[in-house]
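Let's take a walk through this structure together, with the sequence and the model side by side.

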Amino acid sequence: MDSRSSSARELPERLWPCPRGPGAQGRNLLSSLAPGHTLARVIRPCYGPHGRQKLLVTARGDTVLTGYATAILGALELEHPAARLLRDAALGQAEHSGDGTAFVLLLAEALLAQAERLLLAGLPRAQLQEAYARATAETLALLPSLAIRSLGPLEDPFWVLYSVMNTHTLSQTEFLTALVAQACGAAQELDGSFHPERVGLCTLPGGHLEDSCLLPGLAVARKACGQVPMVMSGARVALFACTFGLANPNAPATARLSSPADLAKFRKGSEQLIHKQVGQLATADVNVAVVWGDVEAKALTQADKYGLMVIQVESRRQLVYLSEVLGTPVMPYLIPPLEPGRCQRVYTQELGEGLAVVFEWECGDTPALTLVLRGATTEGLRGAEQAAYHGIDAYRQLCQDPRLLPGAGATEMALATILSEKGTRSEGPDGPVFQAFAQALRSLPATLADNAGLPVSNVMAEMNAAHQAGDFLAGVGDEGIINVAQEEVWDTLIAKAQGLQAVADVAIQLATVDEIIVAKGSSTRQPDSNPKPTKAMERPPPLGKKVP
(Lines give C-alpha, C1' and ligand atoms only; values in the text may rest on other atoms or scores of the structure.)
Protein backbone atom coordinates (compact mmCIF):
# COMPACT_ATOMS: atom_id res chain seq x y z
CA MET A 1 0.00 0.00 0.00
CA ASP A 2 1.20 3.51 -0.77
CA SER A 3 2.65 5.14 2.37
CA ARG A 4 0.91 8.40 1.48
CA SER A 5 -2.60 6.89 1.67
CA SER A 6 -4.32 6.42 5.03
CA SER A 7 -6.05 3.29 6.23
CA ALA A 8 -9.48 3.36 7.82
CA ARG A 9 -7.97 2.64 11.25
CA GLU A 10 -5.75 5.75 10.97
CA LEU A 11 -8.70 8.01 10.23
CA PRO A 12 -9.72 8.73 13.84
CA GLU A 13 -6.16 9.82 14.65
CA ARG A 14 -6.25 12.29 11.78
CA LEU A 15 -9.66 13.69 12.65
CA TRP A 16 -8.79 15.35 15.93
CA PRO A 17 -7.45 17.94 15.51
CA CYS A 18 -8.56 18.80 11.98
CA PRO A 19 -5.89 19.23 9.34
CA ARG A 20 -4.24 22.62 9.42
CA GLY A 21 -2.46 24.41 6.67
CA PRO A 22 -2.72 27.19 4.11
CA GLY A 23 -6.35 27.69 3.15
CA ALA A 24 -7.63 25.09 5.61
CA GLN A 25 -9.37 27.67 7.75
CA GLY A 26 -12.78 28.73 6.43
CA ARG A 27 -12.81 26.00 3.78
CA ASN A 28 -15.63 23.43 3.91
CA LEU A 29 -15.85 20.35 1.78
CA LEU A 30 -19.57 20.18 2.58
CA SER A 31 -21.44 23.12 1.12
CA SER A 32 -24.32 22.44 3.54
CA LEU A 33 -22.21 22.74 6.68
CA ALA A 34 -22.22 26.55 6.94
CA PRO A 35 -26.04 26.94 6.77
CA GLY A 36 -26.33 24.03 9.20
CA HIS A 37 -24.06 25.84 11.68
CA THR A 38 -26.12 29.02 11.28
CA LEU A 39 -29.46 27.35 11.96
CA ALA A 40 -28.04 25.37 14.88
CA ARG A 41 -26.60 28.53 16.42
CA VAL A 42 -30.10 30.01 16.43
CA ILE A 43 -31.91 26.92 17.77
CA ARG A 44 -29.33 25.51 20.22
CA PRO A 45 -30.08 27.96 23.09
CA CYS A 46 -33.77 26.91 22.92
CA TYR A 47 -33.13 23.17 23.43
CA GLY A 48 -34.30 21.44 26.58
CA PRO A 49 -36.29 22.47 29.65
CA HIS A 50 -33.87 25.34 30.36
CA GLY A 51 -33.92 26.67 26.81
CA ARG A 52 -34.02 30.41 26.37
CA GLN A 53 -36.57 32.54 24.53
CA LYS A 54 -36.22 34.52 21.31
CA LEU A 55 -37.81 37.79 20.30
CA LEU A 56 -38.91 36.85 16.81
CA VAL A 57 -39.90 39.54 14.32
CA THR A 58 -41.94 37.90 11.57
CA ALA A 59 -42.06 38.91 7.92
CA ARG A 60 -45.33 40.77 8.63
CA GLY A 61 -43.65 42.84 11.31
CA ASP A 62 -45.19 41.05 14.31
CA THR A 63 -43.00 40.59 17.37
CA VAL A 64 -43.36 37.20 19.04
CA LEU A 65 -41.67 35.97 22.22
CA THR A 66 -41.07 32.25 21.71
CA GLY A 67 -38.66 29.46 22.48
CA TYR A 68 -40.22 26.92 20.10
CA ALA A 69 -37.95 25.71 17.36
CA THR A 70 -41.02 24.99 15.23
CA ALA A 71 -42.21 28.60 15.40
CA ILE A 72 -38.72 30.02 14.80
CA LEU A 73 -37.91 27.82 11.82
CA GLY A 74 -41.37 28.30 10.33
CA ALA A 75 -40.97 32.08 10.40
CA LEU A 76 -37.50 32.20 8.82
CA GLU A 77 -37.29 33.13 5.14
CA LEU A 78 -34.39 30.97 4.01
CA GLU A 79 -32.56 31.27 0.69
CA HIS A 80 -29.93 28.54 0.98
CA PRO A 81 -31.23 25.20 -0.42
CA ALA A 82 -29.43 23.16 2.24
CA ALA A 83 -30.93 25.29 5.00
CA ARG A 84 -34.37 24.67 3.54
CA LEU A 85 -33.79 20.92 3.51
CA LEU A 86 -32.73 20.97 7.15
CA ARG A 87 -35.74 23.07 8.11
CA ASP A 88 -38.14 20.83 6.19
CA ALA A 89 -36.76 17.74 7.93
CA ALA A 90 -37.13 19.35 11.36
CA LEU A 91 -40.64 20.66 10.67
CA GLY A 92 -41.62 17.29 9.22
CA GLN A 93 -40.66 15.69 12.53
CA ALA A 94 -42.90 18.18 14.36
CA GLU A 95 -45.77 17.48 12.00
CA HIS A 96 -45.61 13.69 12.39
CA SER A 97 -44.55 13.39 16.04
CA GLY A 98 -45.57 16.71 17.54
CA ASP A 99 -42.12 17.34 19.00
CA GLY A 100 -38.42 16.90 18.31
CA THR A 101 -37.82 19.83 15.96
CA ALA A 102 -34.70 21.04 17.77
CA PHE A 103 -33.49 17.45 18.24
CA VAL A 104 -33.55 16.80 14.49
CA LEU A 105 -31.85 20.05 13.53
CA LEU A 106 -29.09 19.92 16.14
CA LEU A 107 -28.24 16.27 15.56
CA ALA A 108 -28.25 16.73 11.78
CA GLU A 109 -25.85 19.67 12.12
CA ALA A 110 -23.58 17.60 14.38
CA LEU A 111 -23.56 14.71 11.90
CA LEU A 112 -22.68 17.08 9.06
CA ALA A 113 -19.80 18.48 11.12
CA GLN A 114 -18.49 14.95 11.74
CA ALA A 115 -18.93 14.13 8.04
CA GLU A 116 -16.76 17.14 7.20
CA ARG A 117 -13.98 15.82 9.43
CA LEU A 118 -14.21 12.37 7.89
CA LEU A 119 -13.98 13.82 4.39
CA LEU A 120 -10.99 15.95 5.36
CA ALA A 121 -9.37 12.79 6.72
CA GLY A 122 -9.65 11.18 3.30
CA LEU A 123 -12.77 9.02 3.54
CA PRO A 124 -14.53 8.87 0.13
CA ARG A 125 -18.08 10.18 -0.02
CA ALA A 126 -19.48 6.87 -1.25
CA GLN A 127 -18.01 5.01 1.74
CA LEU A 128 -19.19 7.77 4.08
CA GLN A 129 -22.74 7.44 2.80
CA GLU A 130 -22.77 3.65 3.21
CA ALA A 131 -21.18 3.77 6.65
CA TYR A 132 -23.63 6.45 7.86
CA ALA A 133 -26.50 4.25 6.68
CA ARG A 134 -25.09 1.28 8.61
CA ALA A 135 -24.59 3.43 11.73
CA THR A 136 -28.22 4.60 11.46
CA ALA A 137 -29.50 1.04 11.14
CA GLU A 138 -27.41 0.01 14.17
CA THR A 139 -28.74 2.96 16.19
CA LEU A 140 -32.38 2.22 15.36
CA ALA A 141 -31.85 -1.46 16.20
CA LEU A 142 -30.43 -0.52 19.62
CA LEU A 143 -33.33 1.77 20.59
CA PRO A 144 -35.85 -0.93 21.67
CA SER A 145 -33.26 -2.48 23.99
CA LEU A 146 -33.02 0.85 25.86
CA ALA A 147 -36.79 1.04 26.44
CA ILE A 148 -36.81 0.06 30.12
CA ARG A 149 -40.45 0.86 30.79
CA SER A 150 -43.82 0.45 29.11
CA LEU A 151 -46.82 2.48 30.23
CA GLY A 152 -49.74 0.25 31.15
CA PRO A 153 -53.32 1.00 30.00
CA LEU A 154 -54.40 1.95 33.53
CA GLU A 155 -51.27 3.90 34.50
CA ASP A 156 -51.31 7.64 34.88
CA PRO A 157 -49.38 9.21 31.95
CA PHE A 158 -48.72 12.39 33.93
CA TRP A 159 -44.93 12.14 34.16
CA VAL A 160 -44.52 11.15 30.52
CA LEU A 161 -46.56 14.14 29.40
CA TYR A 162 -44.79 16.36 31.91
CA SER A 163 -41.40 15.46 30.40
CA VAL A 164 -42.66 16.61 27.00
CA MET A 165 -44.58 19.70 28.10
CA ASN A 166 -41.97 20.96 30.55
CA THR A 167 -39.85 22.27 27.69
CA HIS A 168 -42.68 24.34 26.21
CA THR A 169 -44.19 26.38 29.01
CA LEU A 170 -42.79 28.78 31.58
CA SER A 171 -45.03 28.21 34.60
CA GLN A 172 -47.78 26.00 36.04
CA THR A 173 -46.58 23.01 34.05
CA GLU A 174 -47.92 20.48 36.54
CA PHE A 175 -51.44 21.95 36.50
CA LEU A 176 -51.54 22.09 32.71
CA THR A 177 -50.15 18.56 32.38
CA ALA A 178 -52.80 17.17 34.72
CA LEU A 179 -55.51 18.95 32.72
CA VAL A 180 -54.22 17.58 29.40
CA ALA A 181 -53.96 14.05 30.83
CA GLN A 182 -57.53 14.29 32.10
CA ALA A 183 -58.83 15.51 28.73
CA CYS A 184 -56.98 12.82 26.75
CA GLY A 185 -58.10 10.07 29.11
CA ALA A 186 -61.73 11.18 28.82
CA ALA A 187 -61.53 11.29 25.01
CA GLN A 188 -59.88 7.86 24.65
CA GLU A 189 -62.02 5.15 23.07
CA LEU A 190 -63.01 1.98 24.90
CA ASP A 191 -60.76 -0.10 22.65
CA GLY A 192 -57.73 1.98 23.70
CA SER A 193 -57.48 4.04 20.50
CA PHE A 194 -57.12 7.80 20.69
CA HIS A 195 -57.92 10.47 18.12
CA PRO A 196 -56.22 13.80 18.91
CA GLU A 197 -58.89 15.76 17.03
CA ARG A 198 -61.33 14.74 19.77
CA VAL A 199 -59.57 17.16 22.13
CA GLY A 200 -59.97 20.76 21.08
CA LEU A 201 -58.10 23.81 22.38
CA CYS A 202 -59.62 27.23 22.93
CA THR A 203 -57.50 30.15 24.18
CA LEU A 204 -59.23 33.07 25.89
CA PRO A 205 -57.34 36.11 27.21
CA GLY A 206 -57.87 37.16 30.79
CA GLY A 207 -57.58 35.44 34.13
CA HIS A 208 -54.86 32.96 35.07
CA LEU A 209 -53.82 29.57 33.80
CA GLU A 210 -55.41 28.02 36.91
CA ASP A 211 -58.78 29.26 35.57
CA SER A 212 -58.51 26.86 32.61
CA CYS A 213 -61.16 24.16 32.46
CA LEU A 214 -62.67 21.35 30.38
CA LEU A 215 -65.89 21.80 28.45
CA PRO A 216 -68.00 19.06 26.84
CA GLY A 217 -68.17 19.56 23.09
CA LEU A 218 -66.01 21.80 20.95
CA ALA A 219 -65.49 25.50 21.59
CA VAL A 220 -63.86 28.18 19.40
CA ALA A 221 -62.82 31.57 20.70
CA ARG A 222 -65.18 33.60 18.53
CA LYS A 223 -68.71 34.96 18.56
CA ALA A 224 -71.53 34.87 16.05
CA CYS A 225 -71.15 37.46 13.29
CA GLY A 226 -74.80 38.29 12.63
CA GLN A 227 -78.06 38.61 14.52
CA VAL A 228 -78.45 34.85 15.15
CA PRO A 229 -76.45 34.11 18.34
CA MET A 230 -77.50 30.47 18.86
CA VAL A 231 -79.24 27.38 17.52
CA MET A 232 -80.69 25.57 20.51
CA SER A 233 -81.76 22.32 18.87
CA GLY A 234 -81.11 20.33 15.72
CA ALA A 235 -77.97 22.18 14.61
CA ARG A 236 -76.86 21.32 11.06
CA VAL A 237 -73.39 22.68 10.39
CA ALA A 238 -71.60 23.47 7.12
CA LEU A 239 -67.89 24.36 6.98
CA PHE A 240 -66.44 26.74 4.38
CA ALA A 241 -62.85 27.67 3.54
CA CYS A 242 -63.86 30.63 1.38
CA THR A 243 -65.49 34.03 1.54
CA PHE A 244 -69.04 34.08 2.84
CA GLY A 245 -70.42 36.06 -0.07
CA LEU A 246 -69.45 36.37 -3.72
CA ALA A 247 -67.15 33.62 -4.97
CA ASN A 248 -64.16 35.94 -5.53
CA PRO A 249 -64.89 39.59 -4.85
CA ASN A 250 -61.23 40.57 -5.28
CA ALA A 251 -60.84 39.09 -8.76
CA PRO A 252 -58.65 41.23 -11.04
CA ALA A 253 -61.47 42.05 -13.45
CA THR A 254 -62.93 45.35 -14.61
CA ALA A 255 -66.68 45.78 -14.98
CA ARG A 256 -67.45 47.95 -18.03
CA LEU A 257 -70.37 50.12 -16.98
CA SER A 258 -71.36 52.81 -19.47
CA SER A 259 -74.47 54.18 -17.78
CA PRO A 260 -76.26 54.37 -14.43
CA ALA A 261 -78.60 51.66 -15.68
CA ASP A 262 -75.65 49.28 -16.14
CA LEU A 263 -74.50 50.06 -12.60
CA ALA A 264 -77.96 49.34 -11.18
CA LYS A 265 -78.16 46.12 -13.17
CA PHE A 266 -74.73 45.03 -11.93
CA ARG A 267 -75.68 45.67 -8.31
CA LYS A 268 -78.96 43.84 -8.72
CA GLY A 269 -77.19 40.84 -10.24
CA SER A 270 -74.72 40.69 -7.35
CA GLU A 271 -77.53 40.83 -4.81
CA GLN A 272 -79.42 38.09 -6.61
CA LEU A 273 -76.32 35.89 -6.64
CA ILE A 274 -75.76 36.39 -2.90
CA HIS A 275 -79.46 35.71 -2.24
CA LYS A 276 -79.22 32.50 -4.28
CA GLN A 277 -76.08 31.26 -2.50
CA VAL A 278 -77.46 31.81 0.99
CA GLY A 279 -80.84 30.47 -0.07
CA GLN A 280 -79.24 27.20 -1.17
CA LEU A 281 -77.86 26.73 2.33
CA ALA A 282 -81.26 27.31 3.89
CA THR A 283 -82.91 24.92 1.40
CA ALA A 284 -80.42 22.21 2.45
CA ASP A 285 -81.49 22.77 6.09
CA VAL A 286 -78.13 24.25 7.06
CA ASN A 287 -78.61 26.56 10.04
CA VAL A 288 -74.96 27.03 11.13
CA ALA A 289 -72.18 28.17 8.79
CA VAL A 290 -68.56 28.17 9.99
CA VAL A 291 -66.33 30.27 7.74
CA TRP A 292 -62.55 30.56 7.46
CA GLY A 293 -62.45 33.69 5.34
CA ASP A 294 -64.11 37.08 4.99
CA VAL A 295 -67.77 37.61 5.78
CA GLU A 296 -69.52 40.11 3.49
CA ALA A 297 -72.13 42.40 4.97
CA LYS A 298 -74.76 41.70 2.28
CA ALA A 299 -74.39 37.95 2.62
CA LEU A 300 -74.61 38.27 6.41
CA THR A 301 -77.85 40.24 6.05
CA GLN A 302 -79.33 37.47 3.93
CA ALA A 303 -78.17 34.88 6.48
CA ASP A 304 -80.01 36.77 9.23
CA LYS A 305 -83.21 36.69 7.15
CA TYR A 306 -82.99 32.92 6.83
CA GLY A 307 -82.08 32.44 10.51
CA LEU A 308 -78.60 31.18 9.61
CA MET A 309 -75.94 31.45 12.32
CA VAL A 310 -72.57 32.53 10.85
CA ILE A 311 -69.31 31.93 12.76
CA GLN A 312 -65.94 33.19 11.52
CA VAL A 313 -62.93 31.19 12.79
CA GLU A 314 -59.35 32.41 12.94
CA SER A 315 -57.40 29.39 11.74
CA ARG A 316 -57.73 26.44 9.42
CA ARG A 317 -56.86 24.12 12.32
CA GLN A 318 -60.16 24.99 14.01
CA LEU A 319 -62.00 24.21 10.79
CA VAL A 320 -60.23 20.86 10.43
CA TYR A 321 -61.06 19.90 14.03
CA LEU A 322 -64.72 20.68 13.44
CA SER A 323 -64.65 18.67 10.21
CA GLU A 324 -63.18 15.62 11.96
CA VAL A 325 -65.64 15.70 14.83
CA LEU A 326 -68.77 16.64 12.88
CA GLY A 327 -68.02 14.26 10.02
CA THR A 328 -68.65 16.81 7.28
CA PRO A 329 -66.16 18.06 4.65
CA VAL A 330 -64.71 21.53 4.37
CA MET A 331 -66.27 23.14 1.29
CA PRO A 332 -64.06 25.35 -0.92
CA TYR A 333 -67.09 27.21 -2.28
CA LEU A 334 -70.30 28.54 -0.78
CA ILE A 335 -72.43 25.55 -1.66
CA PRO A 336 -74.12 23.18 0.81
CA PRO A 337 -72.38 19.86 1.56
CA LEU A 338 -74.07 16.58 0.72
CA GLU A 339 -74.32 15.76 4.43
CA PRO A 340 -74.04 18.62 6.96
CA GLY A 341 -72.54 17.98 10.36
CA ARG A 342 -74.97 17.43 13.20
CA CYS A 343 -74.93 18.35 16.87
CA GLN A 344 -77.51 19.15 19.48
CA ARG A 345 -76.96 22.88 19.87
CA VAL A 346 -74.59 25.74 19.03
CA TYR A 347 -74.46 28.80 21.26
CA THR A 348 -72.25 31.63 22.46
CA GLN A 349 -70.98 31.36 26.02
CA GLU A 350 -69.11 33.90 28.11
CA LEU A 351 -66.02 32.41 29.73
CA GLY A 352 -64.40 34.88 32.06
CA GLU A 353 -63.63 37.96 30.00
CA GLY A 354 -63.93 36.24 26.62
CA LEU A 355 -66.61 34.78 24.39
CA ALA A 356 -66.59 31.34 22.81
CA VAL A 357 -68.94 29.49 20.48
CA VAL A 358 -69.72 26.03 21.85
CA PHE A 359 -70.80 23.04 19.73
CA GLU A 360 -72.57 20.70 22.14
CA TRP A 361 -74.00 17.19 21.90
CA GLU A 362 -76.16 15.21 24.25
CA CYS A 363 -74.34 14.20 27.44
CA GLY A 364 -73.99 10.54 26.46
CA ASP A 365 -73.04 11.22 22.85
CA THR A 366 -70.34 13.87 23.23
CA PRO A 367 -67.57 12.93 20.75
CA ALA A 368 -65.14 15.66 21.83
CA LEU A 369 -63.90 17.80 24.70
CA THR A 370 -62.43 21.28 24.68
CA LEU A 371 -59.58 22.42 26.86
CA VAL A 372 -60.24 26.11 27.52
CA LEU A 373 -56.96 27.87 28.34
CA ARG A 374 -56.89 31.18 30.15
CA GLY A 375 -53.98 33.58 30.49
CA ALA A 376 -53.15 37.18 31.26
CA THR A 377 -50.84 37.69 28.27
CA THR A 378 -50.82 36.63 24.66
CA GLU A 379 -47.35 35.10 24.99
CA GLY A 380 -48.38 33.07 28.02
CA LEU A 381 -51.44 31.76 26.19
CA ARG A 382 -49.37 30.87 23.14
CA GLY A 383 -46.89 28.96 25.28
CA ALA A 384 -49.65 27.07 27.11
CA GLU A 385 -51.34 26.23 23.81
CA GLN A 386 -48.15 24.84 22.29
CA ALA A 387 -47.42 22.82 25.43
CA ALA A 388 -50.95 21.36 25.38
CA TYR A 389 -50.62 20.38 21.70
CA HIS A 390 -47.33 18.61 22.44
CA GLY A 391 -48.91 16.80 25.36
CA ILE A 392 -51.83 15.61 23.19
CA ASP A 393 -49.41 14.37 20.53
CA ALA A 394 -47.37 12.53 23.17
CA TYR A 395 -50.53 10.83 24.44
CA ARG A 396 -51.32 9.73 20.89
CA GLN A 397 -47.83 8.22 20.58
CA LEU A 398 -48.28 6.36 23.87
CA CYS A 399 -51.50 4.82 22.57
CA GLN A 400 -49.62 3.62 19.48
CA ASP A 401 -46.50 2.38 21.32
CA PRO A 402 -46.36 2.61 25.13
CA ARG A 403 -42.61 1.93 25.38
CA LEU A 404 -40.56 4.65 27.06
CA LEU A 405 -36.90 5.65 26.79
CA PRO A 406 -34.77 7.42 29.40
CA GLY A 407 -34.93 11.17 28.87
CA ALA A 408 -32.65 14.09 29.80
CA GLY A 409 -30.03 13.02 27.24
CA ALA A 410 -29.57 9.56 28.77
CA THR A 411 -30.69 7.71 25.63
CA GLU A 412 -28.34 9.71 23.39
CA MET A 413 -25.43 9.09 25.75
CA ALA A 414 -26.20 5.37 25.96
CA LEU A 415 -26.32 5.10 22.18
CA ALA A 416 -23.05 7.02 21.91
CA THR A 417 -21.35 4.70 24.39
CA ILE A 418 -22.45 1.55 22.56
CA LEU A 419 -21.60 2.92 19.10
CA SER A 420 -18.19 4.11 20.27
CA GLU A 421 -17.37 0.64 21.58
CA LYS A 422 -18.51 -0.92 18.30
CA GLY A 423 -16.40 1.59 16.39
CA THR A 424 -13.21 0.61 18.18
CA ARG A 425 -13.78 -3.04 17.20
CA SER A 426 -14.96 -2.45 13.61
CA GLU A 427 -12.80 -2.81 10.52
CA GLY A 428 -12.85 -0.52 7.52
CA PRO A 429 -14.71 2.81 7.40
CA ASP A 430 -17.32 1.65 9.95
CA GLY A 431 -14.85 2.25 12.78
CA PRO A 432 -14.34 6.00 12.42
CA VAL A 433 -17.91 6.55 11.20
CA PHE A 434 -19.44 4.84 14.24
CA GLN A 435 -17.24 6.95 16.49
CA ALA A 436 -18.23 10.09 14.59
CA PHE A 437 -21.89 9.15 14.98
CA ALA A 438 -21.32 8.69 18.71
CA GLN A 439 -19.62 12.08 18.94
CA ALA A 440 -22.62 13.73 17.27
CA LEU A 441 -25.00 12.07 19.75
CA ARG A 442 -22.92 13.33 22.68
CA SER A 443 -23.49 16.91 21.54
CA LEU A 444 -27.15 16.76 22.65
CA PRO A 445 -26.62 16.12 26.40
CA ALA A 446 -23.77 18.63 26.23
CA THR A 447 -26.25 21.21 24.93
CA LEU A 448 -28.67 20.36 27.76
CA ALA A 449 -25.90 20.92 30.31
CA ASP A 450 -24.85 24.19 28.69
CA ASN A 451 -28.40 25.57 28.62
CA ALA A 452 -28.86 24.57 32.28
CA GLY A 453 -25.81 26.65 33.21
CA LEU A 454 -23.73 23.66 34.27
CA PRO A 455 -19.99 23.11 33.63
CA VAL A 456 -20.24 21.10 30.43
CA SER A 457 -16.87 19.35 30.63
CA ASN A 458 -17.45 18.17 34.21
CA VAL A 459 -20.99 17.02 33.53
CA MET A 460 -20.03 15.16 30.36
CA ALA A 461 -17.06 13.49 32.07
CA GLU A 462 -19.25 12.33 34.97
CA MET A 463 -22.03 11.22 32.62
CA ASN A 464 -19.60 9.34 30.39
CA ALA A 465 -18.11 7.54 33.38
CA ALA A 466 -21.57 6.49 34.56
CA HIS A 467 -22.52 5.11 31.16
CA GLN A 468 -19.17 3.34 30.77
CA ALA A 469 -19.96 1.62 34.07
CA GLY A 470 -23.31 0.46 32.67
CA ASP A 471 -25.60 3.08 34.24
CA PHE A 472 -27.69 4.01 31.21
CA LEU A 473 -30.15 5.97 33.39
CA ALA A 474 -27.72 8.84 34.03
CA GLY A 475 -29.05 12.05 32.50
CA VAL A 476 -28.65 15.82 32.76
CA GLY A 477 -30.68 17.52 35.50
CA ASP A 478 -31.04 20.99 36.94
CA GLU A 479 -27.98 20.73 39.17
CA GLY A 480 -25.99 17.93 37.58
CA ILE A 481 -26.34 14.23 36.86
CA ILE A 482 -29.69 12.63 37.78
CA ASN A 483 -31.24 9.17 37.66
CA VAL A 484 -33.98 9.64 35.06
CA ALA A 485 -36.04 6.70 36.38
CA GLN A 486 -36.19 8.23 39.85
CA GLU A 487 -36.93 11.69 38.48
CA GLU A 488 -39.51 10.31 36.01
CA VAL A 489 -38.02 11.92 32.89
CA TRP A 490 -39.03 9.94 29.81
CA ASP A 491 -39.10 10.10 26.02
CA THR A 492 -41.45 8.12 23.82
CA LEU A 493 -39.78 5.44 21.72
CA ILE A 494 -41.80 6.16 18.60
CA ALA A 495 -40.89 9.87 18.52
CA LYS A 496 -37.18 9.18 19.13
CA ALA A 497 -37.06 6.55 16.38
CA GLN A 498 -38.79 8.82 13.88
CA GLY A 499 -36.46 11.67 14.76
CA LEU A 500 -33.31 9.58 14.31
CA GLN A 501 -34.54 8.33 10.94
CA ALA A 502 -35.29 11.88 9.78
CA VAL A 503 -31.86 13.06 10.95
CA ALA A 504 -30.06 10.24 9.14
CA ASP A 505 -31.97 10.79 5.91
CA VAL A 506 -31.23 14.50 5.64
CA ALA A 507 -27.60 14.12 6.81
CA ILE A 508 -26.84 11.40 4.26
CA GLN A 509 -28.47 13.43 1.51
CA LEU A 510 -26.49 16.59 2.30
CA ALA A 511 -23.22 14.70 2.88
CA THR A 512 -23.26 13.57 -0.74
CA VAL A 513 -23.75 17.09 -2.14
CA ASP A 514 -20.49 18.62 -3.35
CA GLU A 515 -21.87 21.71 -5.07
CA ILE A 516 -25.04 23.80 -5.09
CA ILE A 517 -26.12 25.09 -8.48
CA VAL A 518 -28.81 27.76 -8.71
CA ALA A 519 -30.46 27.40 -12.11
CA LYS A 520 -32.05 30.84 -12.18
CA GLY A 521 -30.94 34.42 -12.60
CA SER A 522 -30.15 36.50 -9.57
CA SER A 523 -32.90 38.84 -8.48
CA THR A 524 -30.33 41.44 -7.48
CA ARG A 525 -30.05 44.17 -10.11
CA GLN A 526 -26.48 44.62 -11.30
CA PRO A 527 -25.15 48.20 -11.41
CA ASP A 528 -24.53 49.74 -14.81
CA SER A 529 -20.84 49.56 -15.67
CA ASN A 530 -21.13 52.57 -18.01
CA PRO A 531 -20.60 55.73 -15.93
CA LYS A 532 -22.41 57.91 -18.50
CA PRO A 533 -26.20 57.45 -18.36
CA THR A 534 -26.65 58.82 -21.87
CA LYS A 535 -24.35 56.12 -23.23
CA ALA A 536 -26.19 53.23 -21.58
CA MET A 537 -26.86 50.19 -23.71
CA GLU A 538 -30.02 50.54 -25.74
CA ARG A 539 -32.55 47.83 -26.48
CA PRO A 540 -31.46 45.83 -29.55
CA PRO A 541 -33.53 46.64 -32.64
CA PRO A 542 -36.10 44.16 -34.01
CA LEU A 543 -34.88 41.63 -36.53
CA GLY A 544 -34.81 42.89 -40.06
CA LYS A 545 -34.42 46.55 -39.11
CA LYS A 546 -31.24 48.54 -39.20
CA VAL A 547 -30.16 51.15 -36.76
CA PRO A 548 -29.75 54.47 -38.51
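The tour below goes from the sheets to the cores and then to the aromatic rings. Please keep in mind that this is a predicted model.

A good place to begin is the sheet made of three strands, which is open, has mixed pairing and follows the order β4-β15-β5. Because β4 (199-205) and β5 (213-216) each have a single partner strand, they stand at the edges, and one side of each is left without a neighbour in the sheet. On average, neighbouring strands here are turned by 30° against each other, direction ignored. If you follow β4 along β15 (residues 369-375), you will find the two running parallel, joined by seven bridges. One of the residue pairs to look for is P205 with its bridge partner G375 in β15. Helix α8 (residues 173-187) lies across β4, β5 and β15, and runs at about 165° to β15.

Now turn to the sheet of four strands, an open one in the order β6-β14-β13-β7, where the pairing is antiparallel. Its edges are β6 (218-220) and β7 (230-231); each has a single partner strand, so one side of each is left without a neighbour in the sheet. Two bridges join β7 to β13 (residues 345-351), and M230 has Y347 of β13 as its bridge partner.

Next come the cores. In soluble globular proteins, nonpolar side chains tend to be buried together. Here the largest nonpolar core has 68 residues, and L86, L107, L111, L128, Y132, V433 and L441 are those with the most contacts inside it. Helix α5 (residues 101-120) gives this core its largest share, 13 residues. To see how one core member is packed, select V433: leaving aside residues up to four places away in sequence, V433 touches L118, L123, L128, A131, Y132 and A135. A second, separate core has 25 residues, including V180, F194, L209 and Y395.

Finally, have a look at the aromatic rings, which form five pairs in the structure. The ring centres of F158 and W159 are 5.0 Å apart and their planes stand at 85°, so this pair is edge-to-face. For F158 and Y162, the centres are 5.9 Å apart and the planes are at 25°, so this pair is stacked. Ring pairs thus link F158, W159 and Y162 into a cluster. F158 and Y162 are four residues apart in helix α7 (residues 158-165), so about one helical turn separates them. How buried or exposed are the members of this cluster? F158 counts as buried at 14% relative accessibility, Y162 is buried at 18%, and W159 is partly exposed at 36%. One last ring to visit is F103, with K496 over its face at 4.7 Å from the ring centre.

How values were computed:
Residues numbered from 1 in each chain as written. Predicted model: local features only at pLDDT ≥ 70, side-chain atom pairs only at ≥ 80, totals over all residues. Heavy atoms only, no water. Pairing = 2+ DSSP bridges. Core = buried A, V, L, I, M, F, W, Y, C linked by side-chain atoms within 4.5 Å. Buried < 20%, exposed > 50% of the residue type's maximum accessible area, 1.4 Å probe, protein only. Contact = heavy atoms within 4.5 Å. Axes fitted to C-alpha atoms, helices over the stretch in contact; angles between N-to-C directions. Phe/Tyr/Trp six-rings, centres within 6.5 Å; stacked < 30°, edge-to-face > 60°. Lys NZ or Arg CZ within 6 Å of the ring centre and 35° of its normal.
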